[in-house]
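Notebook open, structure loaded. I want to look up the fold, the rings, the core and any odd backbone spots.

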Amino acid sequence: MSGADTSKQKINPGDHLANERTFLAWIRTSIALMGFGFVVVKFSLFVKQLSLVITDKVLLPGKGFSATIGIILVAIGALMALLSYFRYRRIEKQLLRNAYFLSFALSLLMTVAIVLVSGLLLWYLLPNT
């Protein structure tokens with residue numbers, strides 16, 4: 001074998017396809033978060049309309065944080081989509097160079113963000129039950 005033959009890297013299509021599947025899973029999760037955020041924003045409107053139909057009065061919730069929490073969820077979903085694309089491209093380049101390095105940064109960032117928003121949702125919902 002010549003020196004040129006040994007410098008060629010063997011490309012494993014399975015690794016690239018797994019990277020793409022992981023990227024698509026992140027995208028599906030970000031879409032779900034954005035959809036849930038939209039539902040949270042619209043939930044207070046639904047409660048107001050329901051109270052108007054039932055009691056002929058507009059019942060205002062004790063706290064008006066549902067819009068803020070919903071917007072935060074939509075923003076986290078959008079940020080997740082953007083960061084997952086950068087992660088996908090970085091891993092693709094590493095696979096092409098045959099130099100993959102494991103990183104938990106995106107997973108940790110998204111986990112912390114979801115736990116914080118979940119805490120906000122619990123804080124918002126528990127006193128009203």
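Entry 1, a cut-off before I start. I call a residue buried when its relative accessible area is under 20%, exposed when it is over 50%, and partly exposed in between. I also keep in mind that this is a predicted model.

Entry 2, the overall layout. I looked up the secondary structure of the protein chain and got four helices and zero strands. Reading from the N terminus, the elements go α-α-α-α. The protein chain has 129 residues, and 23% of them count as buried. For the surface I get about 9100 Å² exposed, with carbon and sulfur atoms supplying 71% of that. I then checked contacts between residues at least 6 apart in sequence: 81% of these join residues at least 24 apart.

Entry 3, the aromatics. How many aromatic pairs does the count come to? It comes to three. I looked into F23 and Y85: their ring centres are 6.2 Å apart and their planes sit at 65 degrees, and since an angle over 60 counts as edge-to-face, that is what this pair is. F23 belongs to helix α2 (residues 13-55) and Y85 to helix α3 (residues 66-96), so the pair links distant parts of the chain, 62 residues apart.

Is each partner buried or exposed? F23 has a relative accessible area of 17%, so I log it as buried. Y85 comes out at 39% relative accessibility, so it goes down as partly exposed. I also noted that F23 and Y85 share one aromatic cluster with F86 and Y88.

Entry 4, S84. I found S84 in helix α3. Its relative accessible area is 2%, so S84 is buried. What does S84 touch, once residues up to four places away in sequence are not counted? I get F23, W26, I27 and L106. So F23 turns up again here, on the contact list of S84 as well as in the ring pair with Y85.

Entry 5, N19. This one lies in helix α2. I get a relative accessible area of 5% for N19, which makes it buried. Not counting residues up to four places away in sequence, N19 touches Y88, I91, E92 and L95. Y88 is a name I already had from the aromatic cluster.

Entry 6, the nonpolar core. I pulled up the largest nonpolar core, which has 13 residues. Which of them touch the most other members? The answer is I69, L73, I76, M110, V117 and L121. Helices α2, α3 and α4 each supply at least two residues of this core, and α4 gives the most, with six. I then followed I69 outwards: leaving aside its neighbours within four places in sequence, I69 is in contact with V40, V117, L120, L121 and Y124. V117 and L121 are on the list of best-connected core members too.

Entry 7, a backbone oddity. Most residues other than glycine have a negative phi, so I went looking for exceptions. N98 is one: its phi is positive, about 60 degrees, although it is not a glycine. I placed N98 in the loop between α3 and α4 (105-125). Is N98 buried or exposed? At 58% relative accessibility it is over the 50% mark, so I wrote it down as exposed.

Methods:
Residues are numbered from 1 along each chain as its sequence is written. This is a predicted model: local features need pLDDT of at least 70, side-chain atom pairs count only at pLDDT 80 or more; totals for chains, interfaces and linings use all residues. Side-chain values use heavy atoms; hydrogens and water are left out. Rings of Phe, Tyr and Trp (its six-membered ring) pair if their centres lie within 6.5 Å; planes under 30 degrees apart count as stacked, over 60 as edge-to-face and the rest as tilted. Buried means under 20% relative accessible area, exposed over 50%, partly exposed in between (1.4 Å probe, protein chains only). Contact means heavy atoms within 4.5 Å. Accessible areas come from the Shrake-Rupley method with a 1.4 Å probe; for residues, only the protein chains shown count as cover. A nonpolar core is a set of buried Ala, Val, Leu, Ile, Met, Phe, Trp, Tyr and Cys residues joined through side-chain atoms within 4.5 Å.
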